[in-house]
Amino acid sequence: MSAEKRVDLEEKLDRELDRDLQSDGPPPYSAAKGFIVSGAIWLIVGTTWGFIGALEYVAPDLIQNVSWLSFGRVRTAHLNIVAFGFLTATLIGVALYCIPALLRTKLFSERLGVATMWAWNAAVLVGAVTVSMGYTQAREYAELEWPIDVAVLLAFVLILYNMIMTVVFRREKNLYVSVWYFVGAILWTSMVYPLGNVMWHPKTGSMTGTVDAIWLWFYGHNVIGLLFTPLAVGAAYYVIPRVARAPLYSHTLSIIGFWTLGLIYTHIGTHHLMQAPVPLWLKVIAGIDSFLMLIPVFTVLVNLWMTARGHWVNFFGTAAGKFVFAGTIWYAVVCIQGAFHSLNFVQRVTHFNNWVVGHAHIAVFGFAGMIAIGAAYHILPKVCGRKIWSPPLANLQYWLIFLGLWGMFIALTIGGLVQGNSWLNGESVYRVLPQLTMYSALRVMFAIMIIAGALVGAYNILMTVSRGERIEAA
Ligand code: HEM
Ligand code: HEM
C-alpha cells in the first residue's frame, strides 16, 4: 500500500474511532469482555457436570431414574460445555482483544462481535440442554444436532469475517504470529466443522461404518489441533513476551511452528483408531506424524521459553504469568505423552481406559485452559479499564486448579494402568471395577478443588469488570 493511501486509511480509521466513541454502539472490547465473562461462568457449569459424572463412577446407583443426569448425557453435556462454552469462548475473547491491539486498530465491528458472543452462548446453552434431553448425533465432539451446528458455523463465519476485516483495515503492517494463529484457527475450523459434522446430511450428521469413524477422528483431532491449540498458542505468544518484558526470541521459529502445525496436525486423527479395522497406511501416517508433531510443538515451546529465560521472576509474580507458563509445561508433557501412546504396543495398555481421560484433561484444561485463564487475567485490565479485583484470589484460583488437576491426572493415570494391565492379563471389565473405586474417589476429591477454583475465578472476573478500581483513577 502506498504511503498516501496509508495516511488516508489512518485518517478514515481515526474518524471512525471518534464516531464510534461518540455513538451509542457497544464500547470497544465489549465482545472480548462478554466472551471472557461467559467463559468463566461456563467453567463453573462444565466442571459441576464433570463432577456429577465423576461421582457416578464412585456411586453408580446414587442418581436413579433421572434421565438427564444419566452418565451418557452428563458426560456429553460436560464435554460440550467445557470445550465450547469455557475454552473456545474464553480464547475467542482473548483473540478479539489481541488482534486489534496488535494491529493498532479497533475491531472491525464491535456490534457484530457482541452479537456473535450472544449467538455463541445461545448455541452452547441450547446444545447442552438438547444433549441432556437425549438429542445427540452420538459422534464425539460432533454430538450437536443439525440446527445447532448451523448456529455454531454461522458464529464461526461471522467471527472470521470480523477478524479478517480487522486485519484488512489494520494500521500495523507486520502481522505478529498471534494474529496468524487466531485467524488460522477460526478459518480452519470454519471449514472443518461442517465437514466433520457431515452437515450435508442433516438427518444423521454422519456417514456409515468405518469410513465415518475415520472421518470423525479427522474432525475430532482437528478440533483439538486446529481450534484449541492455535488459539492457545496464539494467546501464549501474546502474553509471554509481555509478562517477561522481553522481545520474542525468534520470529523465524514462530512462523516455522505455525506452518508445521497446519501441515502435520491435520492428518494424525487416525491415532485414535489404532485398535480399529482401518487401513494400515492411515495408521502408519498417523503414527509417524504423531512423533513429527514434536517439531511444531517444540519450536513453539523453545521460542517461548527462550523469550522467558532470565525473566522467570516476572512469571511467578502474577497469576496470569503463572497460568500461562504452567500451560506451556503441560503442552510439553501432553505432546510427549501423546506421541508415545500413539504407538500400537503402548495402546494395548492405555487405550479405552482412564489413561486417555487423564491425557485429555491435562491437554484441554492443563495446556489450553490454563493459557486461556492466564491470558484472560492478563488482558482484562486493558479490556475493561479496571485493575484485577483481587490478585490474591487469582493466585488462589491458580493453586486450586494446578493442584486439583495434578491430583486428577495422577489418579486417572494410575487407574488407567490398573485397568489396562488387568485387561491385558485376560481379566474382564466388570471384575476390574472394584479396584478402580479408590482412583475414582480421588478424582471426585480433586474435582472439588477445581470447581472451587472455577468459582473463585468467576467471582474475581465478575468483580473486576463491575467494581475493579478504574485504571485512570489509580
Ligand atoms: C471438576 C472437574 C472435572 C471433572 C470431575 C471432570 C470429569 C470428567 C468425566 C467423568 C469425564 C468422562 C470420562 C469417561 O468417559 O470415562 C470427562 C471427560 C472429559 N472432560 Fe472432564 N472433568 C472436569 C473438568 C474438565 C475441564 C475443565 C475440561 C476442559 C477444559 C475437561 C475436558 C474433558 C474432556 C476433553 C473429556 C473427554 C475425555 C475422553 O474422552 O477421553 N474436563 N471429564
Ligand atoms: C501433539 C501431540 C499429541 C499427540 C501425538 C496426541 C496423541 C493422542 C492419542 C494417540 C490419543 C488417543 C489415545 C487412545 O484413544 O488410546 C489422544 C487422545 C486425546 N488427545 Fe491427544 N495428543 C497430542 C496432543 C494433544 C493436545 C494438544 C490436546 C488438546 C489441546 C489433546 C487432546 C486429546 C483428547 C481430548 C483426547 C481424547 C479424545 C477422546 O477419546 O475423546 N491431545 N491423543
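A crossing of two helices is called left-handed if the near helix is turned anticlockwise from the far one by less than a right angle. That's the way α3 passes α14 in this predicted model. Helix α14 (354-384) is the one to keep an eye on here: besides meeting α3, α14 holds the histidine that binds an iron atom and helps line the second largest pocket.

**α3 against α14**
- Helix α3 covers residues 71-102, and its axis comes within 9 Å of that of α14, with the two crossing at roughly 40°.
- On the α3 side, the residues in contact are His-78, Phe-86, Leu-87, Thr-90, Leu-91, Gly-93, Val-94, Tyr-97 and Cys-98.
- Across from them, α14 brings in a list that includes His-361, Phe-365, Gly-369, Ile-373, Ile-379 and Lys-382.
- Sort the residues of this contact by type and you get 15 nonpolar, five polar and one charged.

**The iron in ligand 2**
- His-359 is the single protein donor to the iron atom of ligand 2, with its NE2 sitting 2.2 Å away.
- That histidine, His-359, is found in α14.

**The second largest pocket**
- This pocket holds about 390 Å³ of space.
- Its lining runs to 18 residues, and the closest to the centre are Gly-317, Thr-318, Ala-319, Ala-320 and His-378.
- Helices α7 (209-244), α11 (312-317), α12 (319-340), α14 and α15 (391-424) each chip in at least two lining residues.
- The largest share of that lining comes from α14, with four residues.
- By type, the pocket lining splits into nine nonpolar, five polar and four charged residues.

Note on methods
Residues numbered from 1 in each chain as written. Chains lettered and ligands numbered in written order. Predicted model: local features only at pLDDT ≥ 70, side-chain atom pairs only at ≥ 80, totals over all residues. Heavy atoms only, no water. 1 Å grid on protein atoms, 1.4 Å probe; cavity = no way out; pocket = protein on both sides within 12 Å on 5 of 7 lines; lining within 4 Å. Points joined across faces, edges and corners; volume = space filled by probe spheres on them. Nonpolar A, V, L, I, M, F, W, Y, C, P; charged D, E, K, R; others polar. Axes fitted to C-alpha atoms, helices over the stretch in contact; angles between N-to-C directions. Contact = heavy atoms within 4.5 Å. Donors = N, O, S within 2.8 Å, 3.2 Å for Na, K, Ca; no water.
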